Amino acid sequence: MNTKERTLSLSRFIAVVVKEFMQMRRDRLTFGILIGIPVAQLIIFGYAINFDPKGLPLAVVRGEESVFTRNVITGLKTSGYFRVLDPPVSAARARVMLATGEAQFALAFPPGFAASVLRGERPQALLEADATDPVATANAIAAATLISADALDRDLPPGLFSDLRRREGAFRLTVHRAFNPEGVTRYNVVPGLLGVVLTLTMVLVTGVAITRERERGTMESLLATPARPVEVIFGKIVPYVIVGYIQVSLILTAAWLLFGVPMVGNIVTLLLVTLIFITANLSVGVTFSTIARNQLQSVQMTFFFFLPSIMLSGFMFPFRGMPGWAQWIGSILPLTHYLRVVRGILLKGLGFMEVTQFLWPMVLFMAVALTVAVIRYRETLD
Amino acid sequence: MANGEAVISVRGLTKTFKGKVAVNDFSLTVNRGDIHGFLGPNGSGKTTTIRMLCGLLTPDKGEGECLGYDVRTQQSLIKRRVGYMTQKFSLWEDLTVSENLEFVARMYGLPQRRRAVERIIEWIGLGDRRASLAGSLSGGWKQRLALAAALIHEPALLLLDEPTAGVDPKARREFWNHIHQLSRQGVTTLVSTHYMDEAERCNKLASLEDVFIHLMARRREP
Ligand SMILES: Nc1ncnc2c1ncn2[C@@H]1O[C@H](COP(=O)(O)OP(=O)(O)O)[C@@H](O)[C@H]1O
Ligand SMILES: [Mg+2]
């Protein structure tokens, strides 16, 4: 006779899945929170994204003046995005103003700008931007780039100079984003939000999976049955994968309809990768719930996991701008890799093969979390 | 089962929680078809003992078999064949009566789940309450549901931990009728209680008094 029965049962796994589903359905509050968090976050961040600041201070670097430079400056003024500071300042002073925040932009024309324009050499004007708040400057930069394309057209006399009115414009405007080399833009925020919302809610919701059974005393009934750890752990994860996908569709729809986030890549690829990310987070939650003594502890653990996730994943600060130790921690966290995948797929159109390099760290993380959860789950009350 | 008659046969079971002895050197033999009373005051170790018998706790010391399986090493086999009714109601209050029973039936892998659930609901008289949330039931109905859940997989041994605490006399009487009916069908029952009158409903009280006196004495210790 075998001393222990070690076989896994599909029936018991399904039993746990069905039970969790029913309990989820009855728990209106939790379900409301699961839908409410993405909506609330979208509104908060959406407001920040739609926030379209105008009249940003622009310092002009002193130099040669001409009808061309004046007209470029007038063009910037009339766009409404820029408030041109008077008088023009030295280049050194402009840098100080950018650093202190007195000016958000500094505009510099090279010497001999007018002559160069007339010679058709398309000289380069430099617009330096304080991009620490890229959301704030993105629209202004876009406006400036548009203006530069045709600002000088009417200043160029017809006939002799008409060939200078090229589509690309009579001069080039080079934008330099200072202080934020990665130039995180508005489009980065909503895809990032996808990962952040999933991290918070998925860990939170499974974080109480086992502790709740323990606190309510139902753990004893569960343990009195022949349930095996793997059946219980996976049975508690599966229902929330579906909740995760509801959140994903909510955010993606909003990203597309409300904020016009481009969706270059393949959505199916994204959803596939999302499965791994969701499961990784649910696994962390279950693991916490096997460690925490009560629901409060598991909520605390969730935030202990969530905060480094948003700080060190590249969601809040540019990843490459962080010190080595922070990058090291960041590269353990699933969110870091998922952000790259989402941005890669949605914004850059990466395919499945190209994102596989980001997948294995998530899979590894998930495997470790699940192993800990299964080991920590006791089949007795000892 | 090796010797045919003994369903439970344990010797010297001991369980300590963080240096505090909950059960000390406990021995018990229960024969097939018996309703075996198990009397002792609160804190005397009844719950701990039953948990050791149904595979929920591992004894620190002692040995023995339950349904022929080793209580220390074959707990998962014991769990499949024992019906355990906890002292405190421990089913899912946010599930209905039938959902709770269906869940338990699935956990035991019963082949004809629906029929098993219907049969036990019928037998125990929960028909009108099948769609009620377990949490909304009164004490007496919760007790019936708990008994139904412990019986759904037709266990050969029933372990009941103070099953009639906080239940009105009528429900208590009906409960005992059910237990006697099961006994006639050959189901063995071990039932813990701290009421003397309830112990008298059992047909085996062997060593019960010793245990009781022993336990009462222990409770008076500081
Ligand atoms: N899980 C546990 N951890 C620590 N102490 C426990 C635990 N379970 C029971 N005890 C202690 O063991 C003793 C016996 O408890 P119990 O078996 O519940 O007695 P009874 O069921 O007869 O009231 C009590 O003093 C109780 O506090
Ligand atoms: Mg007790």
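**A walk through a predicted two-chain model**

In helix H3 of chain B, the residues B:Val97, B:Ser98, B:Glu99, B:Asn100, B:Leu101, B:Glu102, B:Phe103, B:Val104, B:Ala105, B:Arg106 and B:Met107 are buried. The structure that you are looking at is a predicted model, and this helix is a useful place to begin reading it. Because 11 of the 11 residues of H3(B), which runs over residues 97-107, are buried, the helix is largely enclosed by the rest of the structure. The cover over these buried residues comes from both chains, for it includes helix H1 (10-26) and helix H9 (219-224) of chain A as well as helix H4 (113-124) and helix H5 (139-151) of chain B. Just after H3(B) the chain reaches B:Gly109, which takes a positive phi of about 60°.

From here we can turn to the magnesium ion, ligand 2, whose protein donors are the OG1 atom of B:Thr47 and the OE1 atom of B:Gln87, lying 1.9 to 2.1 Å from the ion. B:Thr47 lies in helix H1 (residues 46-53) of chain B, while B:Gln87 belongs to the loop between strand S6 (82-85) and H3 of that chain, so the pair ties together parts that are 40 residues apart in sequence. As for their surroundings, B:Thr47 has a relative accessible area of 18%, and because buried means under 20%, this residue counts as buried. B:Gln87, with a relative accessible area of 39%, is partly exposed.

In chain A, a residue worth finding is A:Glu213, which sits in helix H8 (residues 209-216). A:Glu213 is buried, with a relative accessible area of 3%. If we set aside its neighbours within four places in sequence, A:Glu213 is in contact with A:Lys19, A:Glu20, A:Thr218, A:Met219, A:Leu222 and A:Lys236, and also with B:Trp92 of chain B.

Further along chain A, helix H14 (residues 334-348) packs with helix H15 (residues 352-376) at an angle of about 155°, their axes being 9 Å apart. An angle over 145 degrees counts as roughly antiparallel, which means that H14(A) is roughly antiparallel to H15(A). H14(A) brings A:Pro334, A:His337, A:Tyr338, A:Arg340, A:Val341 and A:Ile345 to the contact, and H15(A) brings A:Val355, A:Phe358, A:Pro361, A:Met362 and A:Phe365. Sorted by character, the residues of this contact divide into nine nonpolar, one polar and one charged. When you compare the positions of these residues, it helps to remember that an α-helix has 3.6 residues a turn, so residues three or four places apart point the same way. Where the two helices pass each other, H14(A) and H15(A) make a left-handed crossing.

Note on methods
Residues numbered from 1 in each chain as written. Chains lettered and ligands numbered in written order. Predicted model: local features only at pLDDT ≥ 70, side-chain atom pairs only at ≥ 80, totals over all residues. Heavy atoms only, no water. Axes fitted to C-alpha atoms, helices over the stretch in contact; angles between N-to-C directions. Helix = DSSP H or I, 4+ residues; strand = E, 2+ residues; numbered from the N terminus. Parallel < 35°, antiparallel > 145°, perpendicular 65-115°, else oblique. Left-handed = near helix turned anticlockwise from the far one by under 90°. Contact = heavy atoms within 4.5 Å. Nonpolar A, V, L, I, M, F, W, Y, C, P; charged D, E, K, R; others polar. Buried < 20%, exposed > 50% of the residue type's maximum accessible area, 1.4 Å probe, protein only. Donors = N, O, S within 2.8 Å, 3.2 Å for Na, K, Ca; no water.
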